[in-house]
Amino acid sequence: MNTYQKRYDVIVVGAGHAGCEAALAAARMGCETLIVTINLDTIAKMSCNPAIGGLAKGHLVKEIDALGGEMAKTIDKTGIQFRRLNTKKGPAVRSSRAQADKKAYQDEMKRVLEAEERLDIKQVLVEELLVENGKCIGILSQTRTAYLGETVILTTGTFLKGIIHIGDVSYSAGRAGESSAEKLSESFLNLGFEIGRLKTGTPPRVNAHTIDFSQMEIQPGDEDPLPFSFTTERITQSQLPCYLTYTNENTHAIIRENLHRSAMYSGRIVGIGPRYCPSIEDKVVRFAEKTGHQVFVEPEGRDTDEIYLNGISASLPEDVQVEMVHSIKGLENAEIMRFGYAVEYDFAPATQLQPTLETKSVPGLYFAGQLNGTTGYEEAAAQGLMAGINAALKVKGEEPLILDRSQAYVAVLIDDLVTLDIREPYRMFTSRAEYRLTLREDNADLRLTEIGKRIGLVDDNRYRQFQRKAENIQTELKRLHETVLKPGEPPLIGGGQVVPADSWATIVKTGELKQPTSLAELLRRPQLHYEDIGQMILTPEILSEAVKEQVEIQIKYEGYIQRQQRQIHQFKKMENFRIPDAFDYDEVPGLKAEAREKLMKIRPASIGQASRLPGVSPADISILTVILHQHNAHGDSRIAGSN
């Protein structure tokens with residue numbers, strides 16, 4: 001065995017979306033960092049849908065950006081279509097989504113990694129984890145070279161013993177055309193980690209020249225696209241349209257007739273697939289009453305003719321995929337360039353991790369991304385960022401960064417993974433966040449930029465920009481609360497300024513003023529928006545659209561936000577009620593056997609986390625709380641164990 005001459009603070013295995021964020025975070029926090037990948041040409045590759053964001057996923061991307069991550073900036077530079085979703089609904093569920101130029105996104109992220117000062121990049125196939133005295137000290141490559149480091153972050157995606165399935169054909173691969181990592185799973189098992197199998201899939205890609213787009217519904221991007229990054233002033237590149245078509249009864253008949261040839265339904269796949277992103281075979285079986293399913297026809301880039309058929313992920317044989325595609329309106333003559341497939345891979349249930357994403361049994365070893373059972377680029381990137389941050393903090397001897405569920409979707413994601421013992425691919429939804437009204441996409445910077453600055457990922461220029469925005473919001477909120485209109489008086493406001501006639505007419509339509517009314521009270525009227533009243537008195541400087549949006553949301557939803565803040569206060573009490581690491585649950589009388597088993601397995605850090613464990617009832621929590629109060633009062637070392 002040969003030992004590489006340079007020793008690292010942080011070693012990242014895998015250069016997908018999790019690996020890129022982990023490596024950049026660690027390097028930018030001052031750590032000598034190494035990122036290794038099977039193929040340097042596939043850094044940040046989008047294996048499936050060439051898009052970033054979407055419902056709830058957009059929240060994650062904004063939070064990654066607020067903390068100092070890279071994903072948002074990269075998609076802003078390389079996106080080919082930007083849309084904001086759920087704009088007719090409340091602000092809590094509005095999300096951004098961008099269609100990506102797949103190759104341009106890869107190239108830009110690779111450029112960013114290559115330019116990072118303390119980051120080395122190597123093409124290496126990892127076969128073994130190196131552990132000494134119970135601590136992870138590095139990795140061993142296929143060529144028997146040892147790379148040593150203080151911490152190791154694994155972001156292996158779908159490559160651990162990956163198997164691709166197309167009909168009755170199966171072969172080893174982490175992605176189509178790329179080899180899998182066959183031996184690393186054995187290292188996991190030798191270290192005592194539990195390993196399971198999951199499955200995901202991808203649809204066929206077709207040649208744009210063979211599509212009849214006139215038979216489809218066009219889906220243009222937003223006229224004034226909203227950037228993902230809080231540092232991007234505006235999107236300047238042109239946008240490309242996407243299209244929408246549908247499967248039909250003929251499509252479904254073709255699929256039903258060939259279910260026995262599908263890898264998924266023939267029993268060839270043992271891994272559990274994503275419930276919320278099913279294959280087209282699964283859709284036809286589970287939703288038999290539906291006569292059609294949406295197919296989003298999405299370009300993969302500006303300089304390619306490949307078109308992604310979002311909505312018909314399949315593990316059917318190639319001849320069936322051809323027949324299926326040709327049965328869809330507008331795709332009758334479509335030429336398939338890449339066939340869809342299912343991929344099955346090893347994962348490690350995330351209950352084996354601490355909330356820092358460090359493994360409980362092997363100090364210095366972190367897991368992030370699909371290895372933890374998630375789906376999606378955004379979920380992976382969020383975990384990678386947090387793993388990189390915490391590995392760097394560990395190297396520097398500083399306290400870890402653990403966000404709670406009231407602070408970020410990132411925290412909801414990690415808390416769910418390490419607490420709930422999830423055995424199917426996990427996808428983020430707004431419904432998973434109980435405090436989603438305060439965890440909006442628009443205020444991610446207000447929630448998290450201070451934290452990013454404290455840990456060293458937000459630079460001074462960006463922080464000053466953030467401070468100006470925060471100050472402008474507070475100044476404008478104060479102005480709207482303090483500026484009062486009085487009934488029966490001429491519509492004059494401060495310094496003899498006349499309320500613009502159009503604004504005054506709009507206000508009168510929503511109801512006459514019967515008593516002195518502040519501009520903030522007017523803005524609470526459902527029919528009014530900031531633009532209707534915001535110009536009634538000149539502000540010290542021109543306000544950005546982001547500031548105006550923030551002011552309107554904070555005023556219109558003030559009562560609901562205050563109520564949620566009270567709920568968060570109660571939540572924090574439970575989160576701050578800590579449970580000693582070595583607490584002896586066997587000594588707690590009255591706990592149900594299932595609750596005791598779950599508590600001993602997960603070892604929750606707080607009463608709050610314990611209350612979210614499946615199988616732990618409110619009665620169990622009451623008993624546990626009483627015992628912990630007694631322990632805290634009397635210092636009962638027998639119950640507390642050796643802690």
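Helices here are DSSP runs of H or I, at least four residues in length, numbered from the N terminus. Keep in mind that this is a predicted model.

With that in hand, let's start at α2, which spans residues 57–67 and is mostly covered: eleven of its eleven residues are buried. Buried means under 20% relative accessible area, and in α2 that label goes even to charged residues, including Lys 57, Lys 62, Glu 63 and Asp 65. Among the others buried in α2 are Leu 60, Val 61, Ile 64 and Leu 67. Right after the helix comes Gly 68, with a positive phi near 110 degrees.

Next, have a look at the sheet. Three strands make up an open sheet in the order β4-β6-β5, and the pairing is antiparallel. β4 (51–53) and β5 (79–85) sit at the edges with a single partner strand each, so each has one side without a neighbour in the sheet. From one strand to the next, the twist averages 15 degrees. Zoom in on β4 and you'll find three bridges joining it to β6 (residues 95–100), in the antiparallel sense. Here Ile 52 stands opposite Ala 98 of β6.

Now for some empty space. The second largest pocket holds about 1500 Å³. It is lined by 45 residues, and the closest to its centre are Leu 226, Glu 545, Ala 546, Val 547 and Glu 549. Which helix gives the most to this lining? That's α16, with eight residues. α11 (444–455), α12 (460–482) and α15 (530–533) each supply at least two. Sorted by class, the lining has 21 charged, 15 nonpolar and nine polar residues.

Conventions:
Residues numbered from 1 in each chain as written. Predicted model: local features only at pLDDT ≥ 70, side-chain atom pairs only at ≥ 80, totals over all residues. Heavy atoms only, no water. 1 Å grid on protein atoms, 1.4 Å probe; cavity = no way out; pocket = protein on both sides within 12 Å on 5 of 7 lines; lining within 4 Å. Points joined across faces, edges and corners; volume = space filled by probe spheres on them. Buried < 20%, exposed > 50% of the residue type's maximum accessible area, 1.4 Å probe, protein only. Pairing = 2+ DSSP bridges. Axes fitted to C-alpha atoms, helices over the stretch in contact; angles between N-to-C directions.
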